[in-house]
Amino acid sequence: MSTKMPYIRILVIGALVCLLPLFLSSYYMHIAILVLIWAFLACAWNIIGGYAGQHSLGNGLYMGIGAYAVAYLVSRFGLTPWVGLIVALVCSAAAAAFIGWIVFRYNLKGAYFALVTIAITEAAVYVVSNIPQLGGAGGMQIEYRGNSLAFMQFSGKSGYFYGGVILLVFILLLTQWYRRKRFFYQLIAVRENEDAAEALGVDVVKAKIKANVMSGMLCAVGGVFYVQYFLYVGPRSVFGEIVSVQILIYAIVGGLGTTWGPVVGALLLVPLSEIARAQLGNSFQGAHLLLYGAVMVLTMLFMPTGILGAVGSLRQRWQHRSATPVVDSQGGEAS
Amino acid sequence: MDLNFSGEVLAQAVASGIMLGGLFALISIGLTLIWGVMKIINFAQGEFLMVGLYLAYFLVAWGHIDPYITILITVPFLFFFGIAIFRVTISPILKDPIMNQIMLTLGLSLILQNLALVLFSANVQSVRTRYSTWNFDIGSVVISVPQLIALIGSVICTVAIWYYLKTTDSGRGIRASAQNPTAATLMGIDVPRTYLLAFGLGSATLGLAGSLMIPFYYTSPTVGLFLGLIMFIVVVLGGMGNLLGCFVGGMIIGLAETVGAAVLPGSLARVFTFTIFIIFLLFRPQGVLSRRQT
């Protein structure tokens, strides 16, 4: 397969998806936008969680920084969200670099890393709830100004939809491009065997911090998009354990450390959960999270590498059987 | 921000902190046993406590059973509940990477949380028992009797588990399997059974906690979210698998919460707790009492 093929695939699928607004009603457009937001966030998490193998349970923090930076600057100072976006990128990069620097320098990994990231994002809930300028526990709303690209607001759903498609295509191209770069190979080496990577001259701490910053900044972009779409942000809607877990579920179910995995996961789970919420929401509050929990347990029990991981190893076994004696030692990863 | 640092407020905060610390120690014993000793990660431990709290709540509120007698039901129930969960979900992936255990038990916690939401609604529920308002004064400090009982229960439970691990055959089996499963197998210990037993025991302590807490605490589907995190914090502070450390860790966090709440405005005391946790993880991951391990 040509090396250009994965990029072409992303662009073609992206272009085809752009036709969807012609067929979808407003309700399904809403679901499609949610799929795009969560797929984007899951792709962003995938960099630190999937490729670098550091399962952060606190990426809601960066999403929240993005959402709050924009909400604050727009609602208090009337600035355009584009300025907010830049502030969000700077703040999230600083936070991710600082957290990464402390956590990785002291060599916290596995369960400890997961716990620290939960603790930080939970702490953020309480910090933000106590700052009246940020709306306290009630959160903040952004005024609706009608169709205006300067304020990242659109009158219909399709504006947000195209915005989401552009973001998702961007992050997929970015991941695909990095997959062939030294940096991601370093991350994968760190994930597979940290000591061996170190012995081969990889600056493990630096690679992990870089991955954290990249993932954090992209999550902040997702947060900006989120707040522009809902025009509201509250402490528990971005920070906190549940949101962070939700982000990573899509990546894990779809396939960790694969370009398309997070998209597949979100595509499968978000509509399912939205339909569950719509159908059962009144009598059956929490139905969608119940579903997520069940899917997560089943994935871990029967398909720990996720859907694409399972597909990849099936394909590999198939190729192996159809007389190709060469076994790709990398294996398991569908591109 | 005004600091109201009067002696009376502080004395009350310290007394309440010790009570709360006892409670935190009590709920964390199970985790220090299964995570610290057996190296099984259970992110659903907080939700197990929620199950214990709901069970105790319904026994007291609907069954009109004395909360301290419900121990006879909650402890065995949580023991078998833990064993069932372990058998079905955790034991198949025991040899998988640690992250898979985390993800699986996170999934379990989502299931339990939202099952409770479906069955019992999001309402915070508490029950008034005749013990609920019992209290006595030492000087200006008010001590609540049910909280004191929970503290005593926590001490007894810690000592009992310590004694069990040290002296009984099955307790020694748990420690042996944790140290070296292969050698333990060669010594004739049924290691899978030991894991099962430890997990059941770790879960049973939360039945006890549920019964002891219900006279003065509340229950809700999300109660385990915060208390679950507290368990991890206490266990890390105390040093993994260190029962005495677990007690000390509980006290530190209990005091941090109450003294923090007396000094800091709003709910910022929580931030204080999390900060202590992060600092400990970074600088003393082996816990307050343990010596550094390699």
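Trainee: How many residues lie between E1(B) and E2(B) in their hairpin, and which residue in the turn has a positive phi?

Mentor: Before we look, keep in mind that this is a predicted model. Now the hairpin: E1(B) and E2(B) have 2 residues between them, and B:Gly139 in the turn has a positive phi of about 60°.

Trainee: Which way do the two strands run, and how many bridges join them?

Mentor: Strand E1 (residues 135-138) and strand E2 (residues 141-144) of chain B run antiparallel, with 4 bridges joining them. To see one facing pair, find B:Asp137, which stands opposite B:Val142 in E2(B).

Trainee: Okay, back to that positive phi. Which sign of phi do most residues other than glycine have?

Mentor: Most residues other than glycine have a negative phi. Chain B has some cases that go the other way. B:His64 is not a glycine, yet its phi is positive, about 50°. Look for B:His64 in the loop between helix H2 (45-61) and helix H3 (71-90) of chain B. B:Ser121 is another residue other than glycine with a positive phi, near 65°, and it sits in the loop between H4 and E1 of chain B.

Trainee: Is B:His64 buried or exposed?

Mentor: To judge that, you count the C-beta atoms around a residue: 12 or fewer within 10 Å means exposed, and 20 or more means buried. B:His64 has 8 C-beta neighbours inside 10 Å, so it counts as exposed. B:Ser121 has 13 other C-beta atoms within 10 Å, which makes B:Ser121 partly exposed.

Trainee: And what share of chain B counts as buried?

Mentor: Of its 294 residues, 53% do.

Trainee: Let me zoom out. What elements make up chain B?

Mentor: You'll find 11 helices and 2 strands. Starting at the N terminus, the order is α-α-α-α-β-β-α-α-α-α-α-α-α. The radius of gyration of chain B is 19 Å, close to the 19 Å that the globule rule gives for 294 residues, so chain B is as compact as a globular protein of that length. Along the principal axes, its C-alpha atoms fill a box of roughly 60 × 45 × 35 Å.

Trainee: Which contacts tie parts of the chain that are well apart in sequence?

Mentor: Take the contacts in chain B between residues at least 6 apart in sequence: 77% of them join residues at least 24 apart.

Trainee: Can we do one helix in detail? What span should H5(B) have?

Mentor: Here you multiply out a rise per residue. At 1.5 Å a residue, the 23 residues of helix H5 (residues 145-167) of chain B should span 33 Å, and the end C-alpha atoms are 32 Å apart, which agrees. Among its buried residues are B:Ala150, B:Leu151, B:Cys157 and B:Ile161. The buried residues of H5(B) pack against E2 and several helices of chain B, including helix H1 (7-37) and helix H8 (191-213).

Trainee: Last one: how many residues of chain B are in contact with chain A?

Mentor: There are 35 residues of chain B in contact with 34 residues of chain A. Helix H4 (98-120), helix H9 (223-238) and helix H11 (269-283) of chain B each supply at least two residues of that side of chain B. H4(B) gives the most, with 15 residues. By type, the side of chain B that touches chain A divides into 27 nonpolar, 6 polar and 2 charged residues.

Conventions
Residues numbered from 1 in each chain as written. Chains lettered and ligands numbered in written order. Predicted model: local features only at pLDDT ≥ 70, side-chain atom pairs only at ≥ 80, totals over all residues. Rg over C-alpha atoms; globule rule 2.2 N^0.38 Å. Contact = placed C-beta atoms within 7 Å. Pairing = 2+ DSSP bridges. Expected span 1.5 Å × (residues − 1). Nonpolar A, V, L, I, M, F, W, Y, C, P; charged D, E, K, R; others polar.
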